[in-house]
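Please work through the exercises below with the sequence and the coordinates open beside you. Each task is followed by a solution that goes step by step.

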Amino acid sequence: MQLPLGQYIAVRKSTDSGRTWQTLQLLQGTDGGATRPQLSVSGTHVAVAFIGAYCLSFNQCSEAPYLSVSSNGGASWTGPRRLDTSAFDVLVAQDGERTWVAWERGGMMPLKMTVDGGATC
């Protein structure tokens, strides 16, 4: 698969002990970029949290936390959802259907839980 230009996080899966790989999802922020990915798996629930670009205007951009989840082992994914307007790092964990996300923002560490891929936290 030829990847498009830009900085992405590729979620890939192997069913033959790593001999071949299938790209399931390409993730990036609403304004591009994707760095520092974190992955969590609980049964068939998979979550990827990452830092991506977010711009309020053409010259006012920051790094923000994003979340994309799958409830069927990676067959389909929610689109990356921006969780805040600024973050330095992000962590993710899962407990069954619940996804927990924490991110560093200005010396603070918000912790949010979602059961709907980040639509509500």
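**Exercise 1. Strand pairing**

How many bridges join β7 to strand β8, and in which direction do the two strands run?

Solution. The model is a predicted one, and the strands are taken from it as follows. Seven bridges join β7 to β8, the latter covering residues 98-104, and the two strands run antiparallel. One position in this pairing can be checked by eye, since L91 has A102 of β8 as its bridge partner. Turning to the next pair, β8 and β9 are joined by four bridges and also run antiparallel. Here V101 stands opposite K112 in β9.

Put the two pairings together and state the order of the strands in the sheet.

Solution. The order is β7-β8-β9, which makes an open sheet of three strands with antiparallel pairing. Its edge strands are β7, residues 89-95, and β9, residues 111-114, each of which pairs on one side only. From one strand to the next, the twist averages 20 degrees. When inspecting such a sheet, it helps to recall that side chains in a regular strand alternate between the two faces of the sheet.

**Exercise 2. Backbone angles**

Find the glycine with a positive phi in the hairpin of β8 and β9, and give the number of residues between the strands.

Solution. The hairpin has six residues between its strands, and within it G106 takes a positive phi near 55 degrees.

Which environments surround S17 and R36, two residues for which phi should be examined?

Solution. Begin with S17, a residue other than glycine that nevertheless has a positive phi, near 60 degrees. S17 lies in the loop between β1, residues 9-13, and β2, residues 22-27. Its relative accessible area is 76%, which is over the 50% cut-off, so S17 is exposed. Continue with R36, which is not a glycine either and has a positive phi of about 50 degrees. R36, however, is found in strand β3. At 28% relative accessibility R36 counts as partly exposed, because this value falls between the limits of 20% and 50%.

**Exercise 3. The surroundings of S40**

Is S40 buried or exposed, and which backbone atom does its side chain reach?

Solution. First locate the residue: S40 has its place in strand β3, which spans residues 35-42. Next consider accessibility, where a value of 10% means that S40 counts as buried. Then look at the polar group, because a pair of N or O atoms must lie within 3.5 Å to be considered a polar contact. The side chain of S40 reaches the backbone nitrogen of Q94 at 3.0 Å. Finally, list the contacts of S40, leaving aside neighbours within four places in sequence: they are H45, V46, A47, V92, A93 and Q94.

**Exercise 4. The disulfide**

Count the disulfides, identify the cysteines, and determine the handedness of the bond.

Solution. The count comes to one disulfide. It joins C55 to C61, with an S to S distance of 2.0 Å. The torsion about this S-S bond is about 105 degrees, so the disulfide is right-handed. As for accessibility, C55 counts as partly exposed at 24%, and C61 is also partly exposed, with a relative accessible area of 44%.

**Exercise 5. A glycine in a loop**

Where is G74 found, and how far in space is it from L111, C-alpha to C-alpha?

Solution. G74 is found in the loop between β5, residues 60-70, and β6, residues 81-82. Despite this loop position, G74 is buried, with a relative accessible area of 1%. G74 and L111 are 37 residues apart in sequence, and their C-alpha atoms are 24 Å apart in space.

**Exercise 6. The whole chain**

How many helices and strands does the protein have, and what share of its residues counts as buried?

Solution. The protein has zero helices and nine strands. Its radius of gyration is 14 Å, close to the 14 Å that the globule rule gives for 121 residues, so the protein is as compact as a globular protein of that length. Along the principal axes, the C-alpha atoms fill a box of roughly 45 × 35 × 20 Å. Of the 121 residues, 35% count as buried. As a last step, consider the contacts with a separation of 6 or more: residues 24 or more positions apart account for 34% of them.

Terms used
Residues numbered from 1 in each chain as written. Predicted model: local features only at pLDDT ≥ 70, side-chain atom pairs only at ≥ 80, totals over all residues. Heavy atoms only, no water. Pairing = 2+ DSSP bridges. Axes fitted to C-alpha atoms, helices over the stretch in contact; angles between N-to-C directions. Buried < 20%, exposed > 50% of the residue type's maximum accessible area, 1.4 Å probe, protein only. Polar contact = N/O pair within 3.5 Å; in protein donor to acceptor, adjacent residues only side chain to side chain. Contact = heavy atoms within 4.5 Å. Disulfide = S-S within 2.5 Å. Rg over C-alpha atoms; globule rule 2.2 N^0.38 Å.
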